[in-house]
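Me: I would like to learn how to read a structure like this one step by step. Could you take me through its features in turn?

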Amino acid sequence: MLAFYYFLKDGKKFLSILVALSPLRDIDDKEIFSKLRVAVQSVVLGSLVIAIIQGALVTIGFYLF
C-alpha cells in the first residue's frame with residue numbers, strides 16, 4: 001500500500017526517471033508506457049465490470065430462490 005501511494009503521488013517523476021534510464025529512444029519508451037497503461041486500465045475495468053455483472057446475477061438468483 002505504501003509503494004502504491006508513492007506510485008500515485010510521484011508517478012510522473014518516476015516515469016521520467018525510467019525514460020531517462022532506458023537505453024531506448026524516449027519516443028519508444030513513451031509509446032511502450034502508453035500501451036502498458038491502456039492494457040492495465042483494460043484489465044482493471046474488465047474485472048470491475050465482470051464483478052458487477054456477477055453481483056447482479058447472484059442478487060437476482062438469491063431473490064428468485
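Me: What radius of gyration does the chain have, and what would a compact globule of 65 residues have?

Reply: Keep in mind throughout that this is a predicted model. The chain has a radius of gyration of 19 Å, whereas a compact globule of 65 residues would have one near 11 Å. The spans along the principal axes can be read beside that value: for the C-alpha trace of the chain they are about 60 × 25 × 10 Å.

Me: Which secondary structure elements does the chain have, and in what pattern do they follow along the sequence?

Reply: There are 3 helices and 0 strands in the chain, and reading along the sequence gives the pattern α-α-α. Distances within and beyond a helix can then be taken from C-alpha atoms. Ala39, for instance, has its place in helix H3, and its C-alpha atom lies 21 Å from that of Ile53, with the two residues 14 apart in sequence. Ile52 is also found in helix H3, and although Ile52 and Met1 are 51 residues apart along the chain, their C-alpha atoms are separated by 24 Å.

Me: How much of the chain is buried, and are Ala39 and Ile52 exposed or partly exposed?

Reply: Of the 65 residues in the chain, 3% are buried. The accessible surface of the chain comes to about 6100 Å², and 75% of that surface belongs to carbon and sulfur atoms. For single residues one compares the relative accessible area with a cut-off, where exposed means over 50%. Ile52 has 55% and is therefore exposed, while Ala39, with 40%, is partly exposed.

Me: How many aromatic pairs are there, and how should I describe each of them?

Reply: A pair of aromatic rings is described by the distance of the centres and the angle of the planes. In this model the count comes to 2 aromatic pairs. In one of them, the rings of Tyr5 and Tyr6 have centres 5.0 Å apart and planes at 75°, and because planes over 60 degrees apart count as edge-to-face, that is the name for this pair. Both partners are partly exposed, Tyr5 at 48% relative accessibility and Tyr6 at 40%. In the pair of Phe7 and Phe14 the ring centres are 5.1 Å apart and the planes stand at 55°, so this pair is tilted. Phe7, with a relative accessible area of 45%, is partly exposed, and so is Phe14, at 40%.

Me: What is the volume of the largest pocket, and which residues lie nearest its centre?

Reply: Rolling a probe the size of a water molecule over the atoms shows where empty space is left. Here the largest pocket has a volume of about 740 Å³. Its lining consists of 17 residues, and those nearest the centre are Phe7, Gly11, Leu15, Phe33 and Arg37. Phe7 thus appears in the lining as well as in the tilted ring pair with Phe14.

Me: Which helices supply the lining of the largest pocket, and how do its residues divide by character?

Reply: Helix H1 (2–9), helix H2 (11–21) and helix H3 (26–64) each supply at least two residues of that lining. By character, the lining residues divide into 10 nonpolar, 4 polar and 3 charged.

How values were computed. Residues numbered from 1 in each chain as written. Predicted model: local features only at pLDDT ≥ 70, side-chain atom pairs only at ≥ 80, totals over all residues. Heavy atoms only, no water. 1 Å grid on protein atoms, 1.4 Å probe; cavity = no way out; pocket = protein on both sides within 12 Å on 5 of 7 lines; lining within 4 Å. Points joined across faces, edges and corners; volume = space filled by probe spheres on them. Helix = DSSP H or I, 4+ residues; strand = E, 2+ residues; numbered from the N terminus. Nonpolar A, V, L, I, M, F, W, Y, C, P; charged D, E, K, R; others polar. Phe/Tyr/Trp six-rings, centres within 6.5 Å; stacked < 30°, edge-to-face > 60°. Buried < 20%, exposed > 50% of the residue type's maximum accessible area, 1.4 Å probe, protein only. Rg over C-alpha atoms; globule rule 2.2 N^0.38 Å. Areas by Shrake-Rupley, 256 points an atom, 1.4 Å probe, with all protein chains shown as cover.
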